[in-house]
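Colleague: I should like to go through the assignments in this model and hear the reasoning behind each of them.

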Amino acid sequence: MKELKLSLFFVCLCFILSCKPSVNSAGLYGKWDYIKIEHPTHDRPDIAATELKQQGASIEFSKDSTFVIMWSGSALSKGKFTADGDKIQLNENLPDGSTRSFAFYVTKASATEITFETKGSENSRVTAVKE
């Protein structure tokens, strides 16, 4: 009986540990309004929902695999994206005609809310809701 309980415990533990948020491109299509930006590893202040709403901060994913990040009525970043598992890969078009690639790592995802973050010393964590 003790072995059965221990086996059941390990099965449950493996199931819980394997549950990671997962996204695909189709699940991202549409406009997502930023409601919170956090900076967990450095001293930059977090940005609250009221300021983000004033700035019109959002990201929009389109069916043609393009994205645009808006801030203060202007495109802050745009380019192409792919989504798979817990990662959204962005290929940003830069003003000089070159591109740069970076990833957003999804830590929470539902049909109406998503939380993603960048990695590295200047990482940011964004929470957005679907419009």
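**Accessibility and salt bridges**

Modeller: In this predicted model, E113 has a relative accessibility of 24% and counts as partly exposed.

Colleague: Why is E113 called partly exposed?

Modeller: Buried requires under 20% and exposed over 50%; E113, at 24%, meets neither condition and is therefore partly exposed.

Colleague: What makes K108 and E113 a salt bridge?

Modeller: The closest N and O atoms of K108 and E113 are 3.3 Å apart. The cut-off is within 4 Å, so the pair qualifies. K108, with a relative accessible area of 47%, is partly exposed.

Colleague: How do you know that E131 is exposed?

Modeller: Its relative accessibility is 62%, and exposed means over 50%, so E131 belongs in that class. E131 also forms a salt bridge with K31, with the closest N and O atoms 3.5 Å apart. E131 lies in the segment after strand 9 and K31 in strand 2, so the pair ties together parts that are 100 residues apart in sequence. K31 has a relative accessible area of 31% and is partly exposed.

Colleague: Why is the pair of R44 and E122 called a salt bridge?

Modeller: Their closest N and O atoms are 3.7 Å apart, which is within 4 Å, so the criterion is met. R44 lies in the loop between strand 2 and helix 3, and E122 in the loop between strand 8 and strand 9, so this pair ties together parts that are 78 residues apart in sequence.

Colleague: How many salt bridges does a search of the whole structure find?

Modeller: The search finds six. In addition to the pairs discussed, E38, E117 and R125 are linked in a network of salt bridges.

Conventions
Residues numbered from 1 in each chain as written. Predicted model: local features only at pLDDT ≥ 70, side-chain atom pairs only at ≥ 80, totals over all residues. Heavy atoms only, no water. Salt bridge = Lys/Arg side-chain N within 4 Å of Asp/Glu carboxyl O. Helix = DSSP H or I, 4+ residues; strand = E, 2+ residues; numbered from the N terminus. Buried < 20%, exposed > 50% of the residue type's maximum accessible area, 1.4 Å probe, protein only.
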